[in-house]
Amino acid sequence: MTDNINYNHIVDYLNKTLPDTKGKLWEMEQYAHENNVPIIQKEVRCFLGTLLRLKNPKTIVELGTAIGYSSLFFSDYIQDGGKIITHEREQDYYDIAMANIKAAGKEDKIQIVFGDAFENVKKLNGSYDMIFMDANKSMYRYYLDTLFPYLKVGGIIVCDNILYKGMISNDDLAPRKQNTIISNIRGFLDYISHHPKLETSIIPIGDGVSVSVKLSD
């Protein structure tokens, strides 16, 4: 919840300026704050809302449900008859997310798949307009390579926490125990930035967000 990489005064200004949520999403934000649950930050939420409004997706795959916050947010932007398939491996989060989705009346739009995304993504088929990654950061390249054939041309891949508390930019900021994950994220960023079938931008809001568009199969 405190992973913003921008100056505090910029984050404070954005939080005061950008609109708040209401209803169930607002309640979930309070729960996340009180229980230290990682959810997308306010400025990231607003950015993704704009992106989704432009894209108007019908099908979304999400990796990392947590309490279901981003899935519920996305559900207001998908086409009629659309579907969000989200994956969560932690039983407690899965149970809370199921309750939140039911309370919001969104069971017809959101399907939660329980289990490790490493195995579950291999079982997916069909075609998707958007992939949202907010799970194990070291596995982002594996997830991308596995799901790439199912992403439609023109589809988007959004990855959260991609600058990892700013540690990605400078070795002096990173404790030794984080070396592996930082190396993996750097490798992933280089991969998507130079991928011949993707066009990628890295946005320094929240904890860093990357957006890639699939150019061809």
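## A tour of selected salt bridges

Begin by selecting Arg89, which is partly exposed in this predicted model; its relative accessible area is 49%.

Next, add Asp116 to the selection and display both side chains. Asp116 also counts as partly exposed, at 36% relative accessibility. The two side chains meet in a salt bridge, with an N to O distance of 4.0 Å. Colour the flanking elements to place this pair: Arg89 sits in the loop between strand 2 (83–88) and helix 5 (91–103), and Asp116 in the loop between strand 3 (110–114) and helix 6 (117–120), so the contact ties together parts that are 27 residues apart in sequence.

Move now to Lys137 and Asp134. Their side chains likewise form a salt bridge, at 3.0 Å from N to O. Are these two residues buried or exposed? Both Lys137 and Asp134 are buried.

The following stop is the pair Lys214 and Asp217. Lys214 is buried, at 2% relative accessibility, whereas Asp217 is exposed, at 59%. A salt bridge joins Asp217 to Lys214, and the closest N and O atoms are 3.0 Å apart.

Return then to Arg89 and select Glu90 together with Asp116. Arg89, Glu90 and Asp116 belong to one network, joined by salt bridges that share partners.

To close, widen the view to the entire model. How many salt bridges does a search of the whole structure find? The search finds 10, among them the pairs Arg89–Asp116, Lys137–Asp134 and Lys214–Asp217.

Conventions: Residues are numbered from 1 along each chain as its sequence is written. This is a predicted model: local features need pLDDT of at least 70, side-chain atom pairs count only at pLDDT 80 or more; totals for chains, interfaces and linings use all residues. Side-chain values use heavy atoms; hydrogens and water are left out. Helices (H or I, at least four residues) and strands (E, at least two) are DSSP runs, numbered from the N terminus. Buried means under 20% relative accessible area, exposed over 50%, partly exposed in between (1.4 Å probe, protein chains only).
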